[in-house]
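Visitor: I have a new structure on my screen and no idea how to read it. Could you walk me through it, one feature at a time?

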Amino acid sequence: MIVTGVASGLGSALAREFATEGAHVFGCDVSDEAGAAAMDGIGVYRHADVSKEAEVEALIDDTVRRCGRLDVMVNNAAIQVEQELADTTEEQLDRVLAVNLKGPFFGSKHAIRVMRGAGGGAIVNVASVLALAGDPMLAAYGAAKGGVLALTKSAAVKYGREKIRCNAVCPGDMQTPIVEAYFAAAQDPAALRAQAEAEYPLGRIAQPREVARAVLFLASDDACFVTGEALVVDGGLLAECY
Ligand code: NAD
């Protein structure tokens with residue numbers, strides 16, 4: 001199986017959780033030192049920039065060459081550019097769409113190419129609650145994540161009959177470096193964290209492992225009749241209307 005963006009946060013947790021379950025894990029990233037460290041002892045690291053189709057294609061072909069097949073593809077890598085819509089530059093939009101939407105698109109396209117000839121497989125795309133609700137400062141990011149959900153459903157309806165399932169997870173905030181940096185940049189980091197956690201009906205933000213377990217479920221045979229689904233893993237955030 002392949003996880004993209006393993007050098008940090010959820011990607012590292014995904015690689016660990018899948019390895020713990022006995023999977024042969026191939027991880028990619030553009031941050032090679034951290035990526036190789038994250039995969040040390042649990043699987044194989046390979047450089048691949050998910051915004052470049054040729055690199056994703058090579059990653060998937062290399063995995064099949066070494067493993068014989070590809071059962072599971074997790075499109076996790078993403079970037080975040082904090083900018084309101086009116087001030088978002090074309091360059092910022094292009095970069096966010098390239099990594100966050102083209103990345104899962106290429107990952108799905110080439111995973112499907114190898115899975116359909118091998119009896120099927122499961123694709124899980126990491127979207128976000130921001131595919132379903134707006135954030136005033138993450139316009140490009142939200143647009144890309146909304147596209148990831150549409151991509152997920154297109155793949156699910158087209159390839160279900162070839163035993164390829166495609167689902168997405170929509171996490172709320174997780175305790176990952178991106179969120180830690182956001183808190184740290186505030187005047188009062190502890191107050192901002194407390195305020196963010198108070199917004200969650202479960203009273204806290206997620207550990208990456210908690211979201212990784214939901215991805216594991218969608219990738220597993222326990223979810224054999226689940227496809228085209230966007231599983232919200234947000235501690236109840238979107239269930240609350242005020
Ligand atoms: P992160 O920034 O900690 O990790 C993302 C990883 O992707 C990094 O290792 C980075 O080097 C890698 N990456 C970036 N561009 C890449 C590229 N072009 N090719 C390959 N790898 C690349 O982020 P995270 O918080 O672990 O987020 C993981 C996923 O979860 C993302 O899809 C993100 O949008 C989603 N998500 C995160 C949160 C959160 O609170 N952290 C909330 C909702 C959704």
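Guide: We'll go from the ligand to the salt bridges, then to a few single residues. This is a predicted model, where local features need pLDDT of at least 70, side-chain atom pairs count only at pLDDT 80 or more, and totals for chains, interfaces and linings use all residues. Residues are numbered from 1 along each chain as its sequence is written, and side-chain values use heavy atoms, with hydrogens and water left out.

Visitor: Let's start with the ligand. Which residues come nearest to the ligand?

Guide: A residue is near a molecule if one of its heavy atoms lies within 4 Å of it. Here 30 residues surround the ligand, and Ser 8, Asp 29, Asn 76, Tyr 141 and Thr 176 come nearest. Sorted by class, the shell has 17 nonpolar, eight polar and five charged residues. For that sorting, Ala, Val, Leu, Ile, Met, Phe, Trp, Tyr, Cys and Pro are nonpolar, Asp, Glu, Lys and Arg are charged, and the others, Gly among them, are polar.

Visitor: Which helices supply at least two residues each of that shell?

Guide: Helices (H or I, at least four residues) and strands (E, at least two) are DSSP runs, numbered from the N terminus. Those that supply at least two shell residues each are helix 1 (9-20), helix 4 (90-115), helix 5 (139-159) and helix 6 (177-184). Helix 6 gives the most, with three residues.

Visitor: What about polar contacts with an oxygen atom of the ligand?

Guide: A polar contact is a pair of N or O atoms within 3.5 Å; within protein, one must be able to donate a hydrogen and the other to accept it, and residues adjacent in sequence count only if both atoms are side-chain atoms. In this model, a backbone N or O atom of Leu 10 sits 2.7 Å from a ligand oxygen. A polar backbone atom of Asn 76 is also 2.7 Å from an oxygen atom of the ligand. With Thr 176, an N or O atom of the side chain lies 2.7 Å from a ligand oxygen. On its own the ligand has 830 Å² of accessible area, and the protein covers 91% of that. Such areas come from the Shrake-Rupley method with a 1.4 Å probe; for residues, only the protein chains shown count as cover.

Visitor: On to salt bridges. How many does the structure hold?

Guide: Look for a side-chain nitrogen of Lys or Arg within 4 Å of a carboxyl oxygen of Asp or Glu. The structure holds 13 of these. One of them pairs Arg 209 with Glu 17, the closest N and O atoms being 3.1 Å apart. This pair links distant parts of the chain, as Arg 209 is in helix 8 (residues 208-219) and Glu 17 in helix 1, 192 residues apart.

Visitor: Is Glu 17 buried or exposed?

Guide: Buried means under 20% relative accessible area, exposed over 50%, and partly exposed in between (1.4 Å probe, protein chains only). Glu 17 has 9% relative accessibility, so Glu 17 counts as buried. Its partner Arg 209, at 47%, counts as partly exposed.

Visitor: Which side chain does Asp 61 meet in a salt bridge?

Guide: Asp 61 meets Arg 113, at 2.9 Å from N to O. That joins helix 3, home of Asp 61, to helix 4, home of Arg 113, across 52 residues. Asp 61 is partly exposed at 24%, and Arg 113 is partly exposed at 36%.

Visitor: And where is Arg 193?

Guide: Arg 193 is in helix 7. The side chain of Arg 193 forms a salt bridge with Glu 180 (2.6 Å, N to O). Glu 180 belongs to helix 6, 13 residues away in the chain. Arg 193 counts as partly exposed because its relative accessible area is 24%. Phe 183 is 10 residues from Arg 193 in sequence and 6.2 Å away in space, C-alpha to C-alpha.

Visitor: One last stop: what is unusual to look for at Lys 163?

Guide: Check the backbone angle: Lys 163 has a positive phi of about 65° although it is not a glycine. Lys 163 lies in the loop between helix 5 and strand 6 (164-171), and with a relative accessible area of 62% Lys 163 is exposed.
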